[in-house]
Amino acid sequence: MSAIRIPKSRQDKSFDIEVDGIKVLAYEGETVATALQCAGIKVFFKQEGSLPPNRLFCGMGTCRQCLVTIDDQVNCLACQTLAYPGMKVRTSL
Amino acid sequence: MNYPFFDLAIIGGGPAGIAAALQSASAGISVALLDEGTQLGGHYYKQPFSSTITHLSFSQSKKMAEFDSLMAVLTKTNIKIFQGVHVWGIFNKEGKTINGKSNTDDVFRICFEPPYNSHDCIEAKALILATGVYDRPIPFPGWEMPGVVTPGAVQIQLEKQALLPGGKVLVAGSGPLQFVVAAELIRYGVDVIAVLDTSSFFDGWKTIFSALGGLKSRWLEGVQAGITLMRNRVPILFRHAVFRAIGDNQNGVQGVVYGRIDSTGIPLFQTARKAQVDVICCAYGFSPSIALSLHLGCKHKYDPFLGAWKPCYDDRLQTSVDRVFVAGDVTKVGGKPLALLQGRWAAISVLERLGAWTKETAEEERAIIKSVMRREEQFAQWLWTRYRMLPGLLQIADEETLICRCEGVRLAEIRASIEDGAADLFGIKLRTRMGMGQCQGRYCFSTTAMLLASYTGKNVSDLDLPTIRPPIIPVRLKQLAADRQVKIDN
């Protein structure tokens, strides 16, 4: 089940980001991790080989297990990067 | 090159760092406060990532009033705040590593990224490391799956993003944080199926009165969380732990297997039970953030209660390196009240060491907070005696369980490297790549050390941590090169 935004918890400033070419809703002040989880995306990045996929774990930028590609920049922390309109996120190479 | 100079640089803007800054600035020395968050406050005073997120949780709104009053004082001082910067290395004036020795006339050069007001380095005569702690996982089969998170992560999501984990949640581990997190989730109507706790219900009752004497607020916190759980009929299962996550890496957690453990943490697999959950929220206490103190060459010791290493320090909170001090959770994991006091204590020591205060003035200031600080320290000791690391918990992992998640190193490979002759963590690291990935060993060194000790019959405290070299966090080469003004033309 997807993560849930607490009702009435944010100003109504929503926009779309693009995740693998698909539009995903985000609100101003939300991290990429929040937008992904609310869209039901649990696998943040499929790694090569036998390594497990990236996902949210520590939430504070320490474990670096939530890395995604943002606007062609690899290894961005999904839990610490704020979403902005038109941002392009990729969940695999 | 000239860098901005300060008498004191404090790294970490949580309760300890803020208290240290306020105390030292009030005595008139120049202070820099470096913090990696988007706002000051650390993990205790968490605020939403942006003002567009307007919701504050129940416990958060209470903390915010306290935080606002701290900030009101802070803004009236001359403390220079470097916000959102990650310190990646600390060197001497020549740009060389400190290696455990600082010359009296030397300064510390603190390098960070991204640049702040076009500065990427500052210099300081003294350092206070108030770097805090992070959740400590113990590997279990499937802990790498999406849906396995730490209590810290759940709390951050709630308080900085007003976000709840969906579906059914199992909260497990050791320490007080899991109860606080579980109670908070329940207040929002999240389905918490149970809270598992490694300690016995009866642990520590004999000593609780001496430990908590006078610390009424500490009583209330625990009691309130307990009442919320009981009112909502959430089972609290003592001496229980997570045995396995059910699910797969694509779809995440679908269920959990959990059961009883004995008093040393050894899993009693015959008591295993299954439950359907989407989220497993689990951590076993905390690990101090010691990357910087290791990089500086400060002496460290293994704390068997935490099951992790922490910096050694004297009664002035000074580490083995002259003019490098520590404060806050990185020393004792005593929470906010102790962190605030230790911040002041470390600042007093700095003022004394730099000669801004005489020994007598410092003694007078120390006398004011000494007794209450000792009480808080006693409470921390009581807490981590109850929630001491149980080495038997490592037997939950099977041969295929990932120990180093970043590099995909499994238990069988760790064992094979030890059979191959690896006698220390460095040997295991060389043979398996354990600890060389994105987290730089933050989540696997302690676990691997405990495994090595149990296989070889050594004491964990006799083992050494591998060397940590700068940059202590991944930094983009582009940034380093740009900061040094190195220009590469075609």
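Which residues does I110(B) touch, not counting residues up to four places away in sequence? In this predicted model, the answer is A9(B), I11(B), L34(B), V87(B), G89(B), I90(B), D120(B), C121(B), I122(B), A124(B) and L127(B). That list is a good way into the structure, and we can follow it outward from here.

I110(B) belongs to the largest nonpolar core, a set of 90 residues. Together with L34(B), V242(B) and I280(B), I110(B) is among the residues with the most contacts inside this core. The element that gives the most to the core is α13(B), with 6 residues. There is also a second, separate core of 60 residues, and its members include C76(A), L77(A) and V89(A) as well as L212(B).

Let us stay with α13(B) for a moment. This helix covers residues 445-456 of chain B, and its length can be checked with simple arithmetic: at 1.5 Å a residue, its 12 residues should span 16 Å, and the end C-alpha atoms are indeed 16 Å apart, so the two agree. The helix is mostly covered, with 9 of its 12 residues buried. These are F445(B), S446(B), T447(B), T448(B), A449(B), M450(B), L451(B), L452(B) and A453(B). What do they pack against? Their partners in chain B are the strands β18 (300-303), β19 (308-311) and β21 (402-404), along with the helices α11 (411-419) and α12 (425-432). Just after the helix comes G457(B), which takes a positive phi of about 75°.

Now back to L34(B), one of the residues that I110(B) touches. Its strand is β2(B), residues 31-35, and 5 of the 5 residues there are buried, so the strand is largely enclosed by the rest of the structure. In a regular strand the side chains alternate between the two faces of the sheet. You can see this in β2(B): V31(B), L33(B) and D35(B) point one way, A32(B) and L34(B) point the other way, and all are buried. The strand pairs with β1(B), residues 5-11, in the parallel sense over 4 bridges. Within that pairing, L8(B) has V31(B) as its bridge partner.

Elsewhere in chain B, an open sheet of 3 strands runs in the order β13-β14-β15 with antiparallel pairing. Its edge strands are β13 (240-248) and β15 (273-276), each of which pairs on one side only. From one strand to the next, the twist averages 30°. β14(B), residues 252-260, meets β15(B) over 4 bridges in the antiparallel sense, and V257(B) stands opposite K274(B) there.

For a contrast with the buried helix and strand above, look at K206(B) in helix α5 of chain B, residues 205-212. K206(B) has a relative accessible area of 85%, well over the 50% cut-off, which means that it counts as exposed. The C-alpha atoms of K206(B) and F6(B), 200 residues apart along the chain, are separated by 48 Å.

Chain A has a sheet of its own. Its 5 strands form an open sheet in the order β3-β2-β6-β4-β5, with mixed pairing. At the edges stand β3 (22-27) and β5 (73-77), each with a single partner strand, so one side of each is left without a neighbour in the sheet. The twist here averages 40° from one strand to the next. β2(A), residues 14-19, and β3(A) pair in the antiparallel sense over 6 bridges, and F15(A) has A26(A) as its bridge partner.

Is F45(A), in the loop between α1 (32-38) and β4 (67-70) of chain A, buried or exposed? Its relative accessible area is 11%, under the 20% cut-off, so F45(A) is buried. Beyond its neighbours within four places in sequence, F45(A) is in contact with P53(A), N54(A), L67(A), V68(A), T69(A), R90(A), T91(A), S92(A) and L93(A). Of these, T69(A) lies 24 residues away along the chain, with 8.1 Å between the two C-alpha atoms.

Finally, a word on confidence. The predictor gives the complex an ipTM of 0.97 and a pTM of 0.95. Chain B averages a pLDDT of 93, and 97% of the residues score at least 70. Residues 486-490 of chain B deserve caution: pLDDT stays under 50 there, and the model has 1 contact for them beyond four places in sequence.

Notes: Residues numbered from 1 in each chain as written. Chains lettered and ligands numbered in written order. Predicted model: local features only at pLDDT ≥ 70, side-chain atom pairs only at ≥ 80, totals over all residues. Heavy atoms only, no water. Helix = DSSP H or I, 4+ residues; strand = E, 2+ residues; numbered from the N terminus. Expected span 1.5 Å × (residues − 1). Buried < 20%, exposed > 50% of the residue type's maximum accessible area, 1.4 Å probe, protein only. Contact = heavy atoms within 4.5 Å. Pairing = 2+ DSSP bridges. Axes fitted to C-alpha atoms, helices over the stretch in contact; angles between N-to-C directions. Core = buried A, V, L, I, M, F, W, Y, C linked by side-chain atoms within 4.5 Å. pLDDT = per-residue confidence, 0-100.
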